[in-house]
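Q: Could you take me through one part of this model in detail? I would like to start with a count and then look at a single example.

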Amino acid sequence: LLEHGQATRSVVTTCAYCGVGCSFRAELQGERLVRMVPNKDGQANHGHSCVKGRFATGYVTHRERILEPMLRARISDPWRKVGWDEAIAHVAAEFRRIQAKYGRDSIGGITSSRCTNEETYLVQKLVRAAFGSNNVDTCARVCHSPTGYGLKSTLGESAGTQDFDSVMHADVIFVIGANPTDAHPVFASQLKRRLRRGARLIVADPRRIELVRAPHVRADHHLQLRPGTNVALLDALAHVVVVEGLVDEAFVRERCEADSFARWRAFVAAPANSPEALEAVTGVPAAEVRAAARLYATGGNAAIYYGLGVTEHSQGSTAVMAIANLAMATGNLGRVGVGVNPLRGQNNVQGSCDMGSFPHEFPGYRHVADDAVRATFERAWGVPLQAEPGLRIPNMFEAALDGEFKGLYIQGEDIAQSDPNTQHVTAALAAMECVVVQDLFLNETAKFAHVFLPGSTFLEKDGTFTNAERRVSRVRKVMEPRGGHADWEVTQLLSNALGYPMRYAHPSEIMDEIARLTPTFAGISFARIDALGSIQWPCNDEHPAGTPTMHVDAFVRGKGRFMLTEYVPTSEKVTAKHPLILTTGRILSQYNVGAQTRRTDNNRWHAEDRLEIHPHDAEQRGISDGDWVGIASRAGETVLRARLSDRMQPGVVYTTFHFPGSGANVITTENSDWATNCPEYKVTAVEVTRVSQP
Ligand code: SF4
């Protein structure tokens, strides 16, 4: 825990962990951080916090922080410490050498959902303006890219529809594929407050998550579906809404496209989409599905909250569209207490997407092929820009293995641990000639790096984060960057060395540029955020104070569009060799790949990833609680300790991915969402056997 002492000053800033975006007062004694105090005026958290944001800051001063740039010619060589000038000049020379030899598209960049909006904006600008390609992607590729695709296709905007406080006006709360207790703790507390005051709850999850039977909270329906069958379940719910006459006809007539609704209505009404027909697919009793659909459609204000259990599937984008369809059909959009709300995992995953981190979109989700939009950026940035979308992260790996992609700048991501099928990722990294990792620690990806540039923590820089409710909040510098530069400064140095000048004196100037070029951010500046506390985008002439609830009078795309959502089973099948399904998730005290939380006292509560297995499956395999078990899939093998748990249904096992080496991604496969390539982390066929201690 933090050392206690008398604070001499405090700085209000935003938590660097999950997408709730809690506001804190960082209290300091001189230059030393004494404690993090949740901010009573915080508009996302109202004075609440969790064990990560409040206590897990020890990594900032951890002895393993790398504070000097390092180089090596080959990944088998020892690191050599160098000054910033040499490191930046080396990267620029290497990237120009690679482009001269292999072509403009042979290098790219990956932005971080843990860095600020201003930093992700600069990395995508570096790639587009200085590298001259659109080869920029973000770790949202592996989490909420289907949210962007699905919500934009149906509603017209790649973001959730409500603020968190809206949940206090919901009568029915439908949580699907999300475990807020562990992943979004402060929002989970708010949600439970509403449930204790009488809201009804539907949970759809293969696992009996805490919300199903929390203290003083009981889910009315736990739809314990088989992993990989979200779309079938959502189609079955929609079938009941349509066939039992529960559609909000007036809302649909006024707000949605008539032809797409007619096609969708006929599609979901087909007998093949009835709960009875799909019971064998989902494993959820038809009567339970019918009761849940009636409750959602007729119980008053109904709000949907979903997470990676929806998106990280081969049909992730389809499931997001099915959720939007359901909300439109029942009129549960466009007012307080309803809506479609993705619970974003990382602190700034919404922001990194907003800032143009995708290879096909400029900031504000505008396609690179749009001539007018591209012309706007060309005028502002003073360089010609490419109209062809660049490579997504998985395409970068493929191109690297084909010998066509040779240089990668990675800011604040550990793709060798976080991305699926570790062996594939590391083979691709090993095939590159210049991998540049900018991070706090020598992470798994740094094992394949030729250049290491010290990163900066959220306490060491100014900027903004955007949380899951589109709330843009200030990150304020509490201490000087321990490595000498904030992350945005490093990107700027690299750009200048490459010959594309960047001359920002402060991140507020970067935000001013973002606001000039991005219509949804037009009214946002550091000064306005400081005055208002935070601002939810869109903020512009139309919405000068920001927008807590979206799509109020009309959808962003005009009329809401219903998309057909035919269930297509994943190609990942259980077999005699791999008879169990592995699904993955998170735990309260740890965060993502654990680079930060593993280096804090939070590690006491959860010091290893474990495999949860149902007692029935364990007994069949002679496995007792605490035994070491081997887990094998067609992609790889790993060893973890077993935890017997009836939270799982028989036939399904579960683990987290917070620790390197033995992590779940050694065994997850290359399968991904058809529209966005978001990996299918949630469904991997495996076998589990008892082994001796590794
Ligand atoms: Fe930080 Fe999320 Fe916890 Fe809030 S709920 S303190 S944002 S980790």
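How many salt bridges does the structure hold?

A: Happy to help! This is a predicted model, in which local features need pLDDT of at least 70 and side-chain atom pairs count only at pLDDT 80 or more, while totals for chains, interfaces and linings use all residues. Residues are numbered from 1 along each chain as its sequence is written, and side-chain values use heavy atoms, leaving out hydrogens and water.

The structure holds 37 salt bridges, each a side-chain nitrogen of Lys or Arg within 4 Å of a carboxyl oxygen of Asp or Glu. One of them joins the side chains of R114 and E413, at 3.9 Å from N to O. This pair links distant parts of the chain, 299 residues apart: R114 lies in the loop between β6 (107-111) and α3 (117-131), and E413 in the loop between β15 (407-411) and α17 (415-418). Helices (H or I, at least four residues) and strands (E, at least two) are DSSP runs, numbered from the N terminus.

For a contrast in residue classes, turn to helix α2 (residues 84-102) and helix α19 (residues 487-497), which pack at an angle of about 55° with axes 9 Å apart. The axes are lines fitted to C-alpha atoms over the stretch in contact, and angles run from 0 to 180 degrees between N-to-C directions. The contact (heavy atoms within 4.5 Å) is made by W84, I88, V91 and A92 of α2 and V490, L493, L494 and A497 of α19. These divide into eight nonpolar, no polar and no charged residues, where Ala, Val, Leu, Ile, Met, Phe, Trp, Tyr, Cys and Pro count as nonpolar, Asp, Glu, Lys and Arg as charged, and the others, Gly among them, as polar.
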